[in-house]
Amino acid sequence: MAQLPSIQNAFILIEDGRIADYGYMHELEIKIPQLPVNVVDVAGQFVLPAWCDSHTHLVFAKSREEEFVDKINGNTYAEIAAKGGGILNSARVLNETGEDELFRSAMVRLKEVSAMGTGAIEIKSGYGLSVEGELKMLRVIKRLKQQSDLSIKCSFLGAHTYPLFYKENHEDYISSIINEMLPVIAAEKLADYIDVFCEEGFFSVEEMEIICKAGAGYGLKPKLHVNQLNSIGGIQSGTGLGAVSLDHLETMTNEDIQCLAASNTIGTLLPTAAFFLRMNYQPARKLMDAGAAIALASDYNPGSSPSGNMNFVVALSCIQMKMLPEEAINAATINGAYAMELQDEVGSISKGKKANLIFTKPIPSLAYLPYSFGHNLIDKVMINGVFI
Ligand code: NIG
Ligand code: FE
């Protein structure tokens, strides 16, 4: 994780939106005798692979800054959720909002995060919590995939929380997920993954397993919310289910860490959610020492992380979780790509991969990026070989 190969005084050749070649400047004339038409001189600047943000809830109808103020006044996340706030608040407004408006506002956010260096992103449903609402969200994400230049993966999170109507009748909501939502999702190819919020007061381990097994029947692999507030067996179950990633991980026992490290599942840490909810940060160092693969993502959502700025995620990981700048950049690029199974397309400067690149302003070193947290050090962003 601490090794981030780099070339000083380098060239990158981009053709048809992809990285065709790279190397030392002094090799340029031998490798490319005929200089391409467009040459951009970026002396003094760093060129990095664009961020791969593998966990977001970027489609939502309304911000929730009232709850933010409630929390400042002393209410907890769980208390706000119990009063019908939180995810249910977002679900109520989303069900009242039209598909076009949801698409429009999500596209604005997508452009905002891409200007901040994100080139690939995972987006979840989970604010519908009804057949129509979940399908509406997933159709919005499908349109974003079709119309955005970013690489996008979609996770179905119908199991984000129980709608009030089903609060005492879990079986019927799970049955609606399995029998009413999943068949349409599969038929319309609306999702790549299945997600469940496995947590006390939300979905139990057993309920998560039932939902994931039904998803597997339609070819949806799990990417799961586990161990945010409590350690209730989500790691053991999630790795057993063959999850591509297990996300959050604020609350991890030593057994959880060992179990994740022994698996092929990536642990996705969401430090801005811990920051915003004033919780303990994820045990990044312990996970890396144990041999677990970890990625960093923004968790962009209106309740627990109202920011999709991956530069801040990287800075926070170095400042609060003591990740080295190289470790944090690897976790936010190539490992994020793995957490979306996009590692052959994005996440590193490699021949044949998409030319999704961040050009920094002139900076003295790579460590200067997380060190100067909060500053905008991005000069330009390139997506598929085009400056945006
Ligand atoms: O990843 N923890 C569950 N879901 C989101 C929060 C959703 C919300 O509060 O709207 C998360 O943090
Ligand atoms: Fe999340």
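# Ligand 1 and an aromatic cluster

User: What makes His57 a polar contact of ligand 1?

Analyst: In this predicted model, a polar side-chain atom of His57 lies 3.3 Å from an oxygen atom of ligand 1. The cut-off for a polar contact is a pair of N or O atoms within 3.5 Å. The pair with His57 therefore counts.

User: What makes Tyr127 and Ser304 polar contacts of ligand 1?

Analyst: The cut-off is again within 3.5 Å. For Tyr127, an N or O atom of the side chain is 2.6 Å from an oxygen atom of ligand 1. For Ser304, the value is 2.5 Å. Both pairs therefore qualify.

User: How much of ligand 1 does the protein bury?

Analyst: The protein buries 100% of the 330 Å² that ligand 1 exposes when taken alone. Ligand 1 sits in the largest cavity.

User: Which residues surround ligand 1, and of what class are they?

Analyst: There are 15 around ligand 1. The closest are Tyr77, Tyr127, His160, Gln228 and Ser304. By class, four are nonpolar, nine polar and two charged.

User: How many aromatic pairs does the whole structure have?

Analyst: The search finds ten aromatic pairs. One of them joins Tyr166 and Tyr173.

User: Why is the pair of Tyr166 and Tyr173 called tilted?

Analyst: A pair is described by the distance of the centres and the angle of the planes. Here the centres are 5.4 Å apart, and the planes differ by 45 degrees. Pairing needs centres within 6.5 Å; under 30 degrees is stacked and over 60 edge-to-face. The pair is therefore tilted. Ring pairs also link Tyr166 and Tyr173 into a cluster with Tyr162, Phe165 and Phe203.

User: Why does Tyr173 count as buried?

Analyst: Tyr173 has 1% relative accessibility. Buried means under 20%, so Tyr173 is buried.

Note on methods:
Residues numbered from 1 in each chain as written. Chains lettered and ligands numbered in written order. Predicted model: local features only at pLDDT ≥ 70, side-chain atom pairs only at ≥ 80, totals over all residues. Heavy atoms only, no water. Near = heavy atom within 4 Å. Polar contact = N/O pair within 3.5 Å; in protein donor to acceptor, adjacent residues only side chain to side chain. Areas by Shrake-Rupley, 256 points an atom, 1.4 Å probe, with all protein chains shown as cover. 1 Å grid on protein atoms, 1.4 Å probe; cavity = no way out; pocket = protein on both sides within 12 Å on 5 of 7 lines; lining within 4 Å. Sits in = over half its atoms within 2 Å of the grid points. Nonpolar A, V, L, I, M, F, W, Y, C, P; charged D, E, K, R; others polar. Phe/Tyr/Trp six-rings, centres within 6.5 Å; stacked < 30°, edge-to-face > 60°. Buried < 20%, exposed > 50% of the residue type's maximum accessible area, 1.4 Å probe, protein only.
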